[in-house]
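Student: I would like to go through a protein model step by step, beginning with the whole chain and ending with single residues. Could you show it to me?

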Amino acid sequence: MTDAVASAQQRFAEQYGRRPVGVWSAPGRVNLIGEHTDYNDGFVFPFAIDRRTTVAVGDRDDRLVRVASTFSPGTVEVHLDELSPDAVSGWAAYPLGVVWAFAEFGADLAHARGVDLYIDSDVPVGAGLSSSAAIECAVALALDEHWALGFDRPTLAKVGQLAENRAVGAPTGIMDQSASLLGETDSAVFLDCRSLDADVIPLGFAEAGLSLLVIDTRVSHSHATGGYAARRASCEAGARALDVESLRWLDVDDLDRARELLDDETFRRVRHVVTENQRVLDTVRTLREQGPGAIGPLLDASHVSMRDDFEISVPELDLAVETAQANGAIGARMTGGGFGGAAIALVIDDLVPVVARKVQEAFAERRFREPAIFTVHAAQGARRDA
Ligand code: GAF
């Protein structure tokens, strides 16, 4: 039994005065490439990481769902007969939003018994590593199995996304929940967000002597506030003006026509999405044909596109990326929704300490907040642990 599982069982017992009946967990994610493409029906290539959220579950005799966590003292509860996306706010909206979303997806909860949940996590919050999807997916898998609801993993991803969209209020796509539920050790999930076809592809980082470094700038961001929704709205406006159902239907050959028809800002938003979709396809092909050591230029180009066309980077992310590149990283880019959070750098194992130190020094020199720098490995998706 891992420490995380034993700790979740113990904390559950301290909180509720009995042992849980089961423990489940789900990971955060790093997106290797394919940013802001998911809600445009495009391609993404994320992987689940070795940072997980654990949920311990215990039965109740009534129809209350109660949730406690290490993030916040006390418990928050909802009644299974009074589910609503607006029932709670704050961190509890993630787990309790999932319960509401199950009902929206047709789960028959009429005879379900209530549950007590205890949530613990080592996915850093606000780092752009999908701590929110990790909660949603751990709870979704746990309750699906505990209540024998019988949903498959792609549907559980949609349940988590609906909770995030409606109970939390962040208009996000399907990428993070898909990575958390479908991820496998040492592999990334190549997902077509239109068909939801997923291909799990070995990354081969260890065999190639490469490490994936996360540089958490500790600039906090929220997808429930302005910037993310504004980018999504620009993409939808661009698709409407170009008379396509979504930007997925455009490729790089359509960009000349887009430039003629769109204002400059919308054009650049569209160009990011169209070229990023192509970069995902190129990354998957390059990885398969030449191995991970050859994907660096695509990661670098993705960052430039997010910085200049999609305008979702911040000075700390740019500095992290540029410093990593200048000190030998094979490729580097910001990861996730942007406006803060983390950058990733693909680095030869021996250079990891140098790159980490140089980034720390560069941040100190600019008087930026000290970043948190650590390596991550591609890990197994959501699972039952006990
Ligand atoms: C966030 C969202 F949750 C994802 O759906 C995705 O849009 C990502 O930002 C940007 O690629 O993580």
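Tutor: The questions and answers below concern this predicted model.

Student: How many helices and strands are there in the protein chain, and how compact is the chain?

Tutor: Along its principal axes, the C-alpha trace of the protein chain spans about 60 × 50 × 40 Å. The radius of gyration is close to the value that the globule rule gives for 386 residues, so the chain is as compact as a globular protein of that length. The count of elements is 11 helices and 12 strands, and the radius of gyration is 21 Å.

Student: Which helix gives the most residues to the largest nonpolar core?

Tutor: Buried residues make up 50% of the 386 residues in the protein chain, and the largest nonpolar core has 107 residues, of which Ala 138, Leu 213 and Ala 345 touch the most other members. The element that gives the most to this core, with 10 residues, spans residues 131-146 and is helix 3.

Student: Which residues does Leu 213 touch, not counting those up to four places away in sequence?

Tutor: Leu 213 is one of the residues that touch the most other members of the largest nonpolar core. With residues up to four places away in sequence not counted, the residues that Leu 213 touches are Ile 344, Ala 345, Val 347, Val 352, Val 355, Ala 356, Ile 373 and Thr 375.

Student: Is Gly 128 buried or exposed?

Tutor: Gly 128 is among the positions covered by the annotation "binding site" in an unreviewed UniProt entry, and it is found in the loop between strand 5 (115-121) and helix 3. Leaving aside neighbours within four places in sequence, Gly 128 is in contact with residues including His 221, Thr 335 and Gly 336. A residue needs 20 or more other C-beta atoms within 10 Å to count as buried; because Gly 128 has 30 such neighbours inside 10 Å, Gly 128 is buried.

Student: Where does Ser 131 lie?

Tutor: Ser 131 is also covered by the UniProt annotation "binding site", and it is buried, because 22 other C-beta atoms lie within 10 Å. Leaving aside neighbours within four places in sequence, Ser 131 is in contact with Gly 28, Ser 121, Val 123, Pro 124 and Val 125. The element in which Ser 131 lies is helix 3.

Student: How many residues of each class are in the shell around the ligand?

Tutor: The residues that surround the ligand include Asn 31, Glu 35, His 36, Asp 38 and Gly 336. Sorted by class, this shell has 2 nonpolar, 7 polar and 3 charged residues.

Technical notes. Residues numbered from 1 in each chain as written. Predicted model: local features only at pLDDT ≥ 70, side-chain atom pairs only at ≥ 80, totals over all residues. Near = placed C-beta within 6 Å. Nonpolar A, V, L, I, M, F, W, Y, C, P; charged D, E, K, R; others polar. Core = buried A, V, L, I, M, F, W, Y, C linked by C-beta atoms within 7 Å. Buried ≥ 20, exposed ≤ 12 C-beta atoms within 10 Å, placed from the backbone. Helix = DSSP H or I, 4+ residues; strand = E, 2+ residues; numbered from the N terminus. Contact = placed C-beta atoms within 7 Å. UniProt positions renumbered as here; feature names shortened; annotations may be inferred. Rg over C-alpha atoms; globule rule 2.2 N^0.38 Å.
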